[in-house]
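Please find below a colleague's note for the bench. It concerns backbone geometry and the surroundings of the ligand.

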Amino acid sequence: MYDVNEVRKDFPILSREVHGKPLVYLDNGASAQKPQAVIDAVTRVYSDEYANVHRGLHYLSNLTTEHYEAVRGIVARFLNAAEEDEIVFTSGTTEAINLVAYGWAAPRMGEGDEIVLSVAEHHANIVPWHFLRERQGVKLVWVDTEPDGSLDPEKVIAAITPRTRLVAVTHVSNVLGTVVDVKRITEGAHAAGVPVLVDGSQGAVHAPVDMQEIGCDFYPITGHKLYGPSGSGAIYIRRERMEEMRPFMGGGDMIREVTKEGVLYADPPMKFEAGTPGIVQTIGLGVALDYLMDLGMDNVAAHEAMIVSYARERFKELNWLNIQGDAPGKAAIFSMTIEGGGHAHDISTILDQKGIAVRAGHHCAHPLMEHLGLTATARASFGLYNTTEEVDKLVEGLELAHRLLG
Ligand code: PMP
């Protein structure tokens, strides 16, 4: 484990105040703050070495290309992918899942083919599949979460039929923090010959992840939740799937040759990276992942597990507080409602006045909200730099909200 007070010094924003109170940042599930190393890297690239990548035969272009391309290896190491060519850079998870939907799924799915999803998916792992339903008659098959917020892997596997072409499930729910047994789901799906996409947006943030151990086919991550710049991200794509995939966007950088008659594409992964990419964002992502690997993702997981058990103990004192889906082993994400009153937006406004940042709303997960019978929750999502003192401040803020609203 690390000394959290030392780690906090790496994140300059954590020492600012909001409404005259020290910032308590508990909206990491939406986006995490950045360590100085990432901020410095972004500034250094712009002030010292910036040029476009892959094109120039000049010094700065070569230097930027070298730093940008090195991130592929860093992402591969972070995810323990077998090869760095299984990593495609994207602007985040949303683009990555759309790449899979357009590049891999759309050409191989027709009327009546099925995609198995859980109700706990983020809209980014739902709407691209609805496009296939609307345009190609693909059927979406939904698996519910259990009353404790967990997702039973056997129910996901049991939903597979001879028409299933893909299973798409989240690794960790961005609303409930539930950790899904994606290794078991992948084993079961692969036994039926069905590829698996695991949405790693939250999963890769809270604990070490290993592509070779999980064995899935697609695993997108998003940089801004991994303490890196917004507009950065990547997706792991198993080599066999990448070979089956068509490019999604066309343009420069993804071609070997273009003539009036046709196109010869670049080899994967470049084939899937059209246009000038998020150069500086991606270099920043590399620095963020190096930061995480230096800290140790198992240390991050241990720290957050400690926060979860401390928060659970403190929340027990608040018998009017409902925690949605508090499954064992969950990640440090708590979705809350106050019994007898208090809209999530009002709770978050009261907390905000105390300098505490939480998210209120449906968290881009309408089907899950419908399943839970709710329209909104207040969500406190903890990161690697949060402390037990901040849990105490949250509890004080919730007590105030209960007095005012309950
Ligand atoms: N999936 C999950 C589980 C998420 O939490 C999020 C971000 N809230 C996304 C997908 C979408 O990520 P992005 O907006 O960075 O593309």
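The points below take up the backbone first and the ligand afterwards.

1. The model under review is predicted, and the remarks that follow should be read as statements about that model.

2. Most peptide bonds are trans, and most residues other than glycine have a negative phi. The next three points concern departures from this pattern.

3. Pro268 and Pro269 are joined by a cis peptide bond, with omega at about 0 degrees. Pro269 belongs to the loop that runs between strand β12 (263-265) and helix α11 (279-295).

4. Asp253 is not a glycine, yet its phi is positive, near 80 degrees. This residue sits in the loop between α10 (239-244) and β11 (255-258). Asp253 counts as partly exposed because it has 16 C-beta neighbours inside 10 Å, a number that falls between the cut-offs of 12 or fewer for exposed and 20 or more for buried.

5. His363 also carries a positive phi, of about 55 degrees, and is likewise not a glycine. Its position is in the loop between β16 (359-361) and α14 (366-372). Is His363 buried or exposed? His363 is buried, because 24 other C-beta atoms lie within 10 Å and the cut-off for burial is 20 or more.

6. Turning to the ligand, 14 residues surround it. The closest are Gly92, Thr94, His122, Asn174 and Ser201.

7. Which classes of residue make up the shell around the ligand? By class, the shell has eleven polar residues, two nonpolar residues and one charged residue.

How values were computed
Residues are numbered from 1 along each chain as its sequence is written. This is a predicted model: local features need pLDDT of at least 70, side-chain atom pairs count only at pLDDT 80 or more; totals for chains, interfaces and linings use all residues. Helices (H or I, at least four residues) and strands (E, at least two) are DSSP runs, numbered from the N terminus. A residue is near a molecule or strand if its C-beta atom, placed from the backbone, lies within 6 Å of it. Ala, Val, Leu, Ile, Met, Phe, Trp, Tyr, Cys and Pro count as nonpolar, Asp, Glu, Lys and Arg as charged, and the others, Gly among them, as polar.
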